[in-house]
Amino acid sequence: MENENAVTVEKLTKSFKGHKVVDQISFNIHRGEIFALLGPNGAGKTTTIKMLTTILKPTKGSIKIFGYDVETNAMKVRSLFGLTSQSTSLDEDLSAYENLMIFSRLNGLSRSAAKVRTNELLNEFDLVDSAKKTLNNFSGGMRRRLDLAISLIDRPQLIFLDEPTTGLDPRTRAQMWATIRTLVNAGSTILLTTQYLEEADQLANQVALIDHGKLVALGTPDKLKEQVGGLKLVLTFKKQTQAAEAKQLLESTVSVGKSSTKQTITIALENVADVTKILNRLAAKQLEVTKIDVQYPSLDDVFFALTFGKN
Ligand SMILES: Nc1ncnc2c1ncn2[C@@H]1O[C@H](COP(=O)(O)OP(=O)(O)OP(=O)(O)O)[C@@H](O)[C@H]1O
């Protein structure tokens with residue numbers, strides 16, 4: 001069942017007092033991928049996660065986790081995922097070791113099995129040296145790693161991370177990204193919510209951009225960037241005359257726009273694969289390109305193009 005989806009969401013809707021905060025959202029998460037739910041404050045990310053994790057009941061629509069319907073198989077579904085949210089209820093006066101032991105026991109592990117798993121997780125999440133510290137002495141990064149460790153006690157294949165790096169400094173954020181990548185390399189599927197475009201760009205195989213409860217874009221980060229357009233190929237030639245000749249040659253098939261210097265031409269690309277065709281055509285006419293630059297729009301461009309005007 002290699003191609004089976006980890007998560008299938010169809011026309012998911014949640015209304016509070018008649019007001020739709022999640023509005024007919026549909027998406028699939030493939031096994032083994034990182035899926036980012038991206039959106040501005042109040043877009044409906046947390047509400048969506050709450051429905052996926054059986055905390056909230058959808059008003060309409062369906063959710064399947066590894067093929068199990070969340071409404072009719074809630075118990076089974078709960079055994080298949082781990083959830084890390086910012087509100088994980090840990091005891092601040094206890095140590096990381098003690099918290100991990102308590103949650104391991106709550107997960108049904110025997111005392112000896114709980115000890116083994118606690119030590120494994122302290123190791124995996126680089127918390128051995130701080131295992132005896134109480135949580136009120138933990139840094140933000142240590143706390144997030146512990147939250148994540150706790151949600152992984154029973155080795156879930158699917159992990160929900162609600163804003164895993166909000167408020168972390170850049171270095172700690174990068175460490176968290178490395179941890180997330182390690183989990184995926186070991187076979188996990190991850191859905192994370194984030195307000196950081198860079199995070200979605202760095203980590204995600206697929207991004208769902210939501211705004212005012214609606215899915216406004218879905219695809220790989222590169223596809224989304226192509227969708228808002230603006231993918232450009234900038235070619236520099238040895239001589240100005242060559243640039244002019246190249247412009248003439250290409251104009252019939254692609255759109256050649258203004259360039260900052262007379263030695264360069266700027267081409268609006270439909271997709272990256274066109275670069276080879278363009279270079280081959282130029283080479284056939286002995287038009288020597290000295291520099292090639294493909295300029296992608298950033299995920300920021302996507303975000304602003306698709307959400308900004310409406311907020
Ligand atoms: N229990 C509730 N009752 C009424 N309205 C709610 C409830 N929970 C959430 N909302 C509203 O639903 C909308 C979406 O909230 P949600 O927390 O899902 O957004 P979010 O995308 O996670 O935002 P943030 O990034 O700020 O956490 C908001 O307008 C919020 O006020």
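The legends below describe several close-up views of a predicted model.

**View 1. The whole chain, with its eleven helices and 14 strands.** The C-alpha atoms of this predicted protein fill a box of roughly 80 × 50 × 40 Å along the principal axes, and of its 311 residues, 47% are buried. When contacts between residues at least 6 apart in sequence are considered, 68% of them join residues that are at least 24 apart.

**View 2. The buried residues of helix H11 (residues 299-307).** Leu299, Val302, Phe303, Leu306 and Thr307 are the buried residues shown in this helix. They lie on the same side of H11, because they cover an arc of only 95° around the axis. What covers these buried residues includes two helices, H7 (197-203) and H8 (221-227), together with the strands E3 (34-38), E9 (206-211) and E10 (214-219).

**View 3. The largest nonpolar core and the surroundings of Leu192.** This core holds 42 residues, and those that touch the most other members are Leu100, Leu146, Leu148, Ile180, Ile190 and Leu192. With residues up to four places away in sequence left out, Leu192 touches Ile34, Phe35, Ala36 and Leu37, and also Leu161, Pro164, Ile180, Glu199 and Leu203. A second core, separate from this one, has 27 residues, among them Ile25, Ala43, Ile65 and Ile210.

**View 4. Thr48 in helix H1 (residues 45-52).** Thr48 has a relative accessible area of 0% and is therefore buried, the cut-off for that class being under 20%. Apart from its neighbours within four places in sequence, Thr48 is in contact with Leu12, Val22, Ile25, Leu37 and Ile210. Of these contact partners, Ile25 and Ile210 are included in the second nonpolar core, while Leu37 is also touched by Leu192.

**View 5. Ser259 in the loop between strand E12 (255-257) and strand E13 (264-268).** The relative accessible area of Ser259 is 27%, so this residue is classed as partly exposed. Once residues up to four places away in sequence are set aside, Ser259 touches Thr264, Ile265 and Thr266. Leu235 stands 24 residues from Ser259 in sequence, and the C-alpha to C-alpha distance between the two is 9.5 Å.

**View 6. The largest pocket, with a volume of about 440 Å³.** Nineteen residues line this pocket, and Phe81, Gly82, Leu83, Asn107 and Ser151 are the closest to its centre. Strand E6 (81-84), helix H3 (96-106) and helix H5 (140-151) each supply at least two residues of the lining, and the largest share, four residues, comes from E6. Sorted by class, the lining of the largest pocket consists of nine polar, seven nonpolar and three charged residues.

**View 7. The second largest pocket, with about 320 Å³ of space.** The lining of this pocket is made up of 16 residues, of which Glu124, Phe125, Leu152, Leu183 and Ala186 are the closest to the centre. Helix H4 (111-124) and helix H6 (170-185) are the elements that give two or more residues to the lining, and H4 gives the most, with four residues. By class, the lining of the second largest pocket divides into seven nonpolar, five charged and four polar residues.

Terms used: Residues numbered from 1 in each chain as written. Predicted model: local features only at pLDDT ≥ 70, side-chain atom pairs only at ≥ 80, totals over all residues. Heavy atoms only, no water. Buried < 20%, exposed > 50% of the residue type's maximum accessible area, 1.4 Å probe, protein only. Arc of directions from axis to C-beta. Contact = heavy atoms within 4.5 Å. 1 Å grid on protein atoms, 1.4 Å probe; cavity = no way out; pocket = protein on both sides within 12 Å on 5 of 7 lines; lining within 4 Å. Points joined across faces, edges and corners; volume = space filled by probe spheres on them. Nonpolar A, V, L, I, M, F, W, Y, C, P; charged D, E, K, R; others polar. Core = buried A, V, L, I, M, F, W, Y, C linked by side-chain atoms within 4.5 Å.
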